[in-house]
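Visitor: I should like to learn how to read the features of this model in order. Where shall we begin?

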Amino acid sequence: MTAVILIVAAFLVLLPFVYESRNLFILLTQIFVFSIFAMSYDLLLGFTGIVSFGHAMFFGIGAYSIGIFMKRFEPTLGYFLLAVLMTIALTAIVSFVVGLLTLRLKSHFYAMLTLSLSGLFLVLAEKWRSMTYGNDGFTFRVPEQFIDRTHFYWLCLFLMVAVFLLLKRFTNSPLGRVMQAIRENEQRTESLGYHVLHYKITASVVSGVLAGIAGVLYAVSLRFVNTSVFTMDITLDALLMTIIGGVGTLVGAIIGAGIIEFAHDWLTALAKEHAIFERWIIFFGIIYILVVMFFPKGIVGTLSSLSWKKKKQHAVKKEEKMAG
Amino acid sequence: MSTLIETKDLSITFGGHTAVDSVSVSVPEKHFKSIIGPNGAGKTTFFNLLSGQLMPTKGHIYFRGRDITKLTSTNRTRAGIGRSFQITNVFPNLTVLENVRLAVQSQAGIRYQMLLHYKKYRQFEEKALEWLKLVLLDDKKDSLASNLAHGEKRKLEIAMLLALETEVLLLDEPTAGMSLEEVPAILEVIKKIKEQGNRTIILIEHKMDMILDLSDSVMVLFNGRLLADGTPEEIMKNETVQSAYLGGQFDE
């Protein structure tokens, strides 16, 4: 497994040297960005068992922070870093408050609340015209270090790997293990002597900050930001990516991001030939239903349980041989 | 010996039904107390009040003389009151070892460490394995808790409680649903803990013969009320208890 990941990573690092297709690199950059976003969402959904429908708000905060900083001030690295700090601060505060609410609101009530909160941010972005230019959004210039697409591609790849490793360690830490216990049985975790709320808030804050950073990278890759970053579509993308890839596995979130973004790109291209594909969201709906019905564990989950079964069969055969 | 847990006038009402009605008992330190009573007598509800799963409508609970009526279940566990559940209550999609390891981790007070790998705390796993050995479940350590048979889940439940190493153990029908062959092993475990002599144990049990020789005292609940509280011999002789519970007025 580790070998496969290393090979894929090495391949992705070296790809720009042997292949030149601007579109492909833009697509791959998007995949890396959405991988970070999907992994942050999986931390809530897959590891802590918190269903949020408002993850787009953190993404949007990141996207608008960088957009506004670059537009209002000079597009330099210094202001870029300031914008990142701003994103971290804002998302940390918002996700802390949202995490606090999990105390009172369970499952679907919490999901509805996050949905309406992110709706609130959407309205804010629409109405605060002096700052956000309303629905149309605005373009902005990026620091010269990021103008070269290949450099930015490497940066996003590096950050994706960093976030992956960070979250892998995080979810396997004693604290991360308690989060998974909460997903399994909240009441039991409490009676083992853990303050469940502290863990939910920690998960919420880590997840929110990472989603904000994904938002920053997204806006920089487009050099444009509009209210779409706050819409439900962004949250739905994250939901689809984690569920298709495999809930509760970080690799699953990355694979899911890859599949959704590729399918997105491919279906949009097909739409030029067949009008039906203009409604590509319908296909996502069908895929989603099929996955939930037949592969509830997602791609990674299904694969790993398959290989586990094989191992088991193998072991049984061995025993039979020995007995025979 | 000094009193460890004391309840005063403890009551809880669900709608119009009073499930536990003015129960006042005290349990001395290092004591083994059993609670018996017919189904629906309020035994488990009484436990839920002691462990903080439910808040009483009326009355108080004292632990070492401190009023803990308002403490959450988390804080009661930390204070030293651990419990097992009658309806099996484990982490279904985690391995058996991980279930116990989480309890060991909590006992060790490692709660917010987020940068080190959990395997760095090897001693937790070793400790968890010891507890599993004690309840004869170590051969199942790598299977998911949801794949265990009912009796095995009960054993896991007990291992998780023991791993918390709390002063007070609240055991809610530890042998319920176990096959007959498994019961002696669990009784053996409970006896061992009792013999170590540093824990206070409160036990709900249906199997009278099992508790009579283990218990220092027995209390009888009936319709939420405390019917009798005394040594096993006294309870056996008590006429009210006999007519209410043992005398066959209620078919168990």
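Guide: Let us begin with a pair of helices, bearing in mind that the model is predicted. In chain B, H3(B) passes H5(B) in a right-handed crossing. The residues of H3(B) that make the contact are B:Val96, B:Asn99, B:Val100, B:Ala103, B:Val104 and B:Gln107, and those of H5(B) are B:Leu156, B:Ala159, B:Met160 and B:Ala163. By class, this contact has eight nonpolar and two polar residues, with no charged ones.

Visitor: At what angle do H3(B) and H5(B) pack, and how far apart are their axes?

Guide: Two packed helices are described by the angle between their axes and the distance between the axes. Here H3(B) and helix H5 (residues 150-163) of chain B pack at about 20 degrees, and their axes are 8 Å apart. That angle makes H3(B) roughly parallel to H5(B), because angles under 35 degrees count as such.

Visitor: How should one read the sheet, and in what order do its strands lie?

Guide: Strands of a sheet pair through backbone hydrogen bonds, either parallel or antiparallel. In chain B, four strands form an open sheet with antiparallel pairing, in the order S2-S1-S4-S5. S2 and strand S5 (66-67) of chain B stand at the edges with a single partner strand each, so one side of each is left without a neighbour in the sheet.

Visitor: How many bridges join S1 to S2 of chain B?

Guide: Strand S1 (residues 3-14) and strand S2 (residues 17-28) of chain B run antiparallel and are joined by eight bridges. Within S2(B), B:Val25 is the bridge partner of B:Thr7. The two strands form a hairpin with two residues between them, and B:Gly15 in the turn has a positive phi of about 60 degrees.

Visitor: What is found at the S5(B) end of the order, and which helix lies across the strands?

Guide: Strand S4 (residues 58-63) of chain B pairs with S5(B) in the antiparallel sense over two bridges, and B:Phe63 has B:Arg66 as its bridge partner in S5(B). Helix H1 (residues 43-51) of chain B lies across S1, S2 and S4 of that chain, running at about 60 degrees to S2(B).

Visitor: Finally, how many residues of chain B are in contact with chain A?

Guide: In chain B, 27 residues are in contact with 20 residues of chain A. Helix H2 (73-79) and helix H3 (96-108) of chain B each supply at least two residues of the side that touches chain A. By class, that side of chain B has 14 nonpolar, 10 polar and three charged residues.

Note on methods. Residues numbered from 1 in each chain as written. Chains lettered and ligands numbered in written order. Predicted model: local features only at pLDDT ≥ 70, side-chain atom pairs only at ≥ 80, totals over all residues. Contact = placed C-beta atoms within 7 Å. Nonpolar A, V, L, I, M, F, W, Y, C, P; charged D, E, K, R; others polar. Pairing = 2+ DSSP bridges. Axes fitted to C-alpha atoms, helices over the stretch in contact; angles between N-to-C directions. Parallel < 35°, antiparallel > 145°, perpendicular 65-115°, else oblique. Left-handed = near helix turned anticlockwise from the far one by under 90°.
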